[in-house]
Amino acid sequence: MIPNNFEYFAPTTIEEALKLIDTHGDDCKILSGGHSLIPILKLRLAAPAVVVDIGRIKELKQIRIDGNTIRIGASATHAALVKSADLKKHCPLICETAAQIGDQQVRNRGTIGGCLTHADPAADWPAAILALNAEIVARSSQGERVIKASDFFVDVMTSAVKANEIVTEVRIPVPAQPQAAVYLKVPQSASGYAIIGVAAQLKLKDGKCEEVGIGITGLAPKAYRAKSTEDALRGNALDETNVGAAAAKADADAADAMEDIHASGEYRRHLARVYAGRAVQAAAKRA
Ligand SMILES: Cc1cc2nc3c(=O)[nH]c(=O)nc-3n(C[C@H](O)[C@H](O)[C@H](O)COP(=O)(O)OP(=O)(O)OC[C@H]3O[C@@H](n4cnc5c(N)ncnc54)[C@H](O)[C@@H]3O)c2cc1C
């Protein structure tokens, strides 16, 4: 299908983009990689009068390490994140997650900011962003808001970003043991979206788990932190018994499980438990 007519703007600064958003209000949509928005426009599920393409704003594409913080511009593509040498060294979980998104074409166009804002419950980024204790920065003409990853995903396709805001940056504390991390997923074979995706980031001390972040996508209507599993791991040796017992709680923090033609809720819960165990073991092996 062909989208409704809309006016197209391609600003080159964030300020210019915010001015357009303020001027056009609810009639306006932000376009980033377009891999979700364009299909929505074509299906006429949305018919904005104005589309503001943020793809020419260079500032939004930066990837840099700033002291103990990794700063990723919202318009950084998945492909750019796969390739970043800085991230391979300081946070390989980001590169590993990006590499498993869709196919090469999807990775070349899709952006981290677009993916997070779209809040698809089967998207990959939310799992990694939760496991890494990230913050998402949203800017409006009134100023900047910093939103914790754990507060960012509200419901199916609903994030905490307001209509007058642009997501500008994802901030991630540099992990203490960058290599002690993994992203494992069971992809839906046509799209690559996660039937289940588990990201784990560990900090080990004297053979025990000192700190852990586990993010799970694909199971619940929004990605979540597997807090029950994390609590069971913290302070303990990561042997088969302890990891098995902790992983058995991986679906405990998911109140509802999604069901569709690809997998039942019960099967997704089973996969979450199995993959949480595998992810923790794999991350521990890499430490
Ligand atoms: C065939 C196919 C396969 C895919 N497979 C996967 C997969 O395996 N795993 C996965 O996680 N994803 C997958 N995706 C999703 C894709 O990777 C993109 O991440 C996703 O479509 C959204 O990113 P985008 O940059 O294209 O955003 P857009 O489509 O441009 O925007 C999406 C939404 O976010 C809003 N938005 C975008 N950027 C901002 C911003 N900076 N501030 C505020 N609002 C913003 C837009 O207004 C829109 O509502 C797939 C997509 C396709 C088409």
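The following questions and answers concern a predicted model of a protein with a bound ligand.

Me: How many helices and strands does the secondary structure of the protein come to?
Reply: The C-alpha atoms fill a box of roughly 60 × 45 × 30 Å along the principal axes. Within this protein, the secondary structure comes to 12 helices and 14 strands.

Me: What is the radius of gyration of the protein, set against the globule rule?
Reply: For 287 residues, the globule rule gives 19 Å. The protein comes close to that value, so it is as compact as a globular protein of that length. Its radius of gyration is 19 Å.

Me: Where does the ligand sit, and which elements each supply at least two residues of the shell around it?
Reply: The ligand sits in the largest pocket. Elements that each supply at least two residues of the surrounding shell are strand E2 (28-31), helix H7 (112-118) and strand E10 (166-173).

Me: Which residues come nearest to the ligand?
Reply: The ligand has 29 residues around it. By class, this shell has 12 nonpolar, 13 polar and four charged residues. Those that come nearest are Ile 30, Ser 36, Leu 37, Thr 111 and Asp 124.

Me: Which residue has a polar side-chain atom 3.1 Å from a nitrogen atom of the ligand?
Reply: A backbone N or O atom of Gly 102 lies 2.9 Å from an oxygen atom of the ligand. A polar side-chain atom of Lys 185 also faces a ligand oxygen atom, at 3.4 Å. The residue with a polar side-chain atom 3.1 Å from a ligand nitrogen atom is Tyr 193.

Me: How much of the ligand's accessible area does the protein cover?
Reply: On its own, the ligand has 980 Å² of accessible area. Of this area, the protein covers 89%.

Technical notes
Residues are numbered from 1 along each chain as its sequence is written. This is a predicted model: local features need pLDDT of at least 70, side-chain atom pairs count only at pLDDT 80 or more; totals for chains, interfaces and linings use all residues. Side-chain values use heavy atoms; hydrogens and water are left out. A residue is near a molecule or strand if one of its heavy atoms lies within 4 Å of it. A polar contact is a pair of N or O atoms within 3.5 Å; within protein, one must be able to donate a hydrogen and the other to accept it, and residues adjacent in sequence count only if both atoms are side-chain atoms. Accessible areas come from the Shrake-Rupley method with a 1.4 Å probe; for residues, only the protein chains shown count as cover. On a 1 Å grid over the protein atoms alone, a cavity is a set of points where a 1.4 Å probe fits but cannot get out, and a pocket is an open set with protein on both sides within 12 Å along at least five of seven lines; lining residues have an atom within 4 Å of a point. A molecule sits in a cavity or pocket if more than half of its atoms lie within 2 Å of its grid points. Helices (H or I, at least four residues) and strands (E, at least two) are DSSP runs, numbered from the N terminus. Ala, Val, Leu, Ile, Met, Phe, Trp, Tyr, Cys and Pro count as nonpolar, Asp, Glu, Lys and Arg as charged, and the others, Gly among them, as polar. The radius of gyration is taken over C-alpha atoms; the globule rule is 2.2 Å times the number of residues to the power 0.38.
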